[in-house]
Amino acid sequence: EAAAAAVAAPSQPEVAAGSAASAVVLPERLQRREAERQQGVERQRQKKEAQVVKEEQSEFFLAAFAREREAVEALLAEGTLEEAAARLQALQKLLTGSVRFLAPYEVRQGQETVARLQGDLAARRQQLQPKKKFAFRTLKKEAAPGSAPRPAEPAPPAPAAPGPGLAEGESGGPPLCGFSGAQDAELELGPAELLQRDVLLSELRGCRVRLRGNPNTLRVRDCRGCTVLCGPVSTSVLVDGCSDCLLAVACQQLRTHRTTHCRVYVQVTSRAVIEACSEVSFAPYSWSYPGIERDFESSGLNRNSNNWNLVDDFDWLAADKPSPNWSLIPEQERITSWD
């Protein structure tokens with residue numbers, strides 16, 4: 001029995017060795033847990049610092065944006081339109097350069113403010129255009145007896161009503177450059193017609209539109225089954241209520257509303273925005289034509305800045321899942337020849 005007890009009971013050196021091993025394992029485990037805790041604390045600190053920096057940047061942007069907006073509004077009220085246009089373009093660039101740290105609602109508010117000021121600028125330009133001089137018409141004198149009757153003066157021509165190739169702007173606003181109501185037509189405008197003009201394409205059906213030049217803004221509304229190819233736009237492009245269309249546009253900001261089953265080849269210096277859209281797909285801008293480099297220079301767009309694959313969907317708020325309303329066109333399916 002004594003021998004069996006001796007075999008069963010561990011010797012003193014074995015007990016000492018086991019205690020030493022436990023003493024070694026325990027501190028290592030505590031060290032790992034402490035290291036993990038420290039890493040978590042550091043991550044939280046960095047996250048908090050990043051949030052503080054983001055908030056400070058946002059506050060700086062909002063203050064600067066408000067100052068510039070007020071300056072543009074004052075210049076518009078004074079009628080100093082060229083300076084107002086330059087400050088408005090600087091305001092757009094400020095917004096474009098700040099989207100990476102702004103909340104989506106701040107980006108949207110900024111875009112709406114810029115769009116409103118662009119409309120105000122166009123309206124003021126129309127308002128301050130020199131009016132045609134009024135000319136009194138001379139009264140017809142009675143013909144002298146026996147003299148040949150004077151031929152009647154031709155009536156002045158009535159103002160031409162906009163034909164199918166012209167589109168009016170917003171109701172009560174100035175007429176815009178563009179096309180409206182055409183069907184199955186080849187439509188085209190060149191640099192002289194487009195330079196810094198506001199362009200409206202509306203209610204087109206099955207048309208192919210080529211806009212070779214540098215517009216100020218472009219609006220594409222209620223179009224079906226159309227191809228729209230446009231040179232660099234200095235400020236914004238709005239696509240609203242369109243379906244089954246192919247578009248190629250370069251701009252500072254792109255907004256797409258109520259649109260479905262459209263492909264957009266885009267160069268955009270801010271982030272594209274979609275709202276109430278579905279089946280919209282994107283690829284980088286690849287349309288070209290003779291003189292496009294000159295049009296890019298006059299537009300002020302940075303050719304090296306293209307966020308074609310960064311899209312904000314205002315109807316999709318989940319940050320951990322991609323929006324089902326838009327996608328990227330696979331590279332093998334992208335158009336390479338536009339002729």
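In the predicted model, C207 is buried, with a relative accessible area of 2%. C207 takes part in no disulfide, and the nearest cysteine sulfur, which belongs to C226, lies 4.9 Å away. Because a disulfide requires two cysteine sulfur atoms within 2.5 Å, the separation of 4.9 Å between the sulfur atoms of C207 and C226 does not qualify. C230 is likewise in no disulfide; for this residue the nearest cysteine sulfur is that of C251, at a distance of 8.9 Å. C230 also counts as buried, its relative accessibility being 0%. For the structure as a whole, the number of disulfides is 0.

Backbone geometry was examined next. D222 adopts a positive phi of about 55 degrees, although the residue is not a glycine. D222 is located in the loop that connects β5 (217–221) with β6 (227–232). With a relative accessible area of 29%, D222 is classed as partly exposed, a category that lies between the buried limit of under 20% and the exposed limit of over 50%.

A positive phi of about 55 degrees is also found at E279, again a residue other than glycine. E279 belongs to strand β12, which comprises residues 278–284, whereas D222 occupies a loop. The relative accessibility of E279 is 54%, and E279 therefore counts as exposed, since the corresponding threshold is over 50%.

How values were computed: Residues are numbered from 1 along each chain as its sequence is written. This is a predicted model: local features need pLDDT of at least 70, side-chain atom pairs count only at pLDDT 80 or more; totals for chains, interfaces and linings use all residues. Side-chain values use heavy atoms; hydrogens and water are left out. Helices (H or I, at least four residues) and strands (E, at least two) are DSSP runs, numbered from the N terminus. Buried means under 20% relative accessible area, exposed over 50%, partly exposed in between (1.4 Å probe, protein chains only).
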